[in-house]
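Here's a quick tour of the enclosed spaces in this model, plus a look at a run of strands. Have the viewer open while you read.

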Amino acid sequence: MRVLLVEDYKPLVRALRQGLEEEGFAVDVAYDGEEGDFKANSAEYDAIILDIMLPKEDGISLLQRWRRKGKQTHVLMLTARGSLEDKVRGLDIGADDYLTKPFELEELLARLRALIRRGHQAKDPVLRIHDLEIDTAARAVKRAGQAIHLTPREYSLLHFLAYHRGKVVSRSMIWEHLYDEHDENTSNVVDVYIRYLRNKIDKGFDPPLIMTRWGEGYQLRGDEES
């Protein structure tokens, strides 16, 4: 999943970026409001982590403008302010969740995963497709009851396919959600990771779940498909 982190305090940016990337997120960073606005309007993100106190333009103004323009991306607001009034204001203008600094990385990750599930209208943290189970909270995968170890990138790819199960997703769509702005790979690397994933998810199991749609992209078999 791809997230935008809009935060000007560089030590916090380094810590959050490392933590998010270790969890398999692709992370783009903006250090002020203007850069955050530009990036938010230049790419599709699964979620935005937005600090309130920013140089050039504050997070409240940014979020108000995004919501007025109809941007529906889920936003997790960060602030050093802890008063109830500030929290209410942030939520009232369209924030989906709120964290007051300092906070634990694990709490931010849990809230972020919950927002992404909400964006895909999935309340249960466990995604089930045929005999495949993806526990999005524990980041654990099983097929036919057998635990399957995936690398962070493989997990992110499976996660993305699972949220779009039954639908064809193009290589470029997958690449845009799995790689950040600094990654020099091209969408062709998606084919390589699809092959890695098939060797773990489909090899030795029936039916195969990852299907190629020639000239279109890839699809994770939907529940209604035999």
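Keep in mind that this is a predicted model. Two helices, α5 (105–119) and α6 (152–163), each put at least two residues into the lining of the largest cavity. The model has 2 cavities of 30 Å³ or more, and we'll take them in turn before moving on to strand β8.

**The largest cavity**

- Its volume comes to about 90 Å³.
- The lining is made up of M1, E23, G24, F25, R113, I116, T136, R139, Y155, S156 and H159.
- Helix α6 provides the largest share of that lining, with 3 residues.
- By class, the lining of the largest cavity is a mixed bag: 4 nonpolar, 4 polar and 3 charged residues.

**The second largest cavity**

- This one has a volume of about 40 Å³.
- Around it sit R153, L157, I174, L178, Y179, V189, V190 and Y193.
- Helix α6 turns up here too, and along with α7 (171–178) and α8 (189–201) it supplies at least two residues each to the lining.
- The top contributor to the second largest cavity is α8, which gives 3 residues.
- Its lining has 7 nonpolar residues and 1 charged residue, with no polar ones.

**Strand β8 and its two faces**

- In a regular strand, side chains alternate between the two faces of the sheet.
- Strand β8 (residues 140–143) has V141 and R143 on its covered face, while A140 and K142 are on the uncovered one.

**Neighbours of β8**

- On one side of the pairing list is strand β7 (residues 132–135), which pairs with β8 in the antiparallel sense over 4 bridges.
- Within that pairing, E133 has K142 of β8 as its bridge partner; K142 belongs to the uncovered face of β8.
- The link between β7 and β8 is a hairpin with 4 residues between the strands.
- R139, in the turn of that hairpin, has a positive phi of about 55 degrees, and R139 is also one of the residues lining the largest cavity.
- The other partner is strand β9 (residues 146–148), which runs antiparallel to β8 and is joined to it by 3 bridges.
- Opposite Q146 in β9 stands R143, a residue from the covered face of β8.
- β8 and β9 also form a hairpin, this time with 2 residues between them.
- In that turn, A144 has a positive phi of about 55 degrees.

Conventions: Residues numbered from 1 in each chain as written. Predicted model: local features only at pLDDT ≥ 70, side-chain atom pairs only at ≥ 80, totals over all residues. Heavy atoms only, no water. 1 Å grid on protein atoms, 1.4 Å probe; cavity = no way out; pocket = protein on both sides within 12 Å on 5 of 7 lines; lining within 4 Å. Points joined across faces, edges and corners; volume = space filled by probe spheres on them. Nonpolar A, V, L, I, M, F, W, Y, C, P; charged D, E, K, R; others polar. Buried < 20%, exposed > 50% of the residue type's maximum accessible area, 1.4 Å probe, protein only. Pairing = 2+ DSSP bridges.
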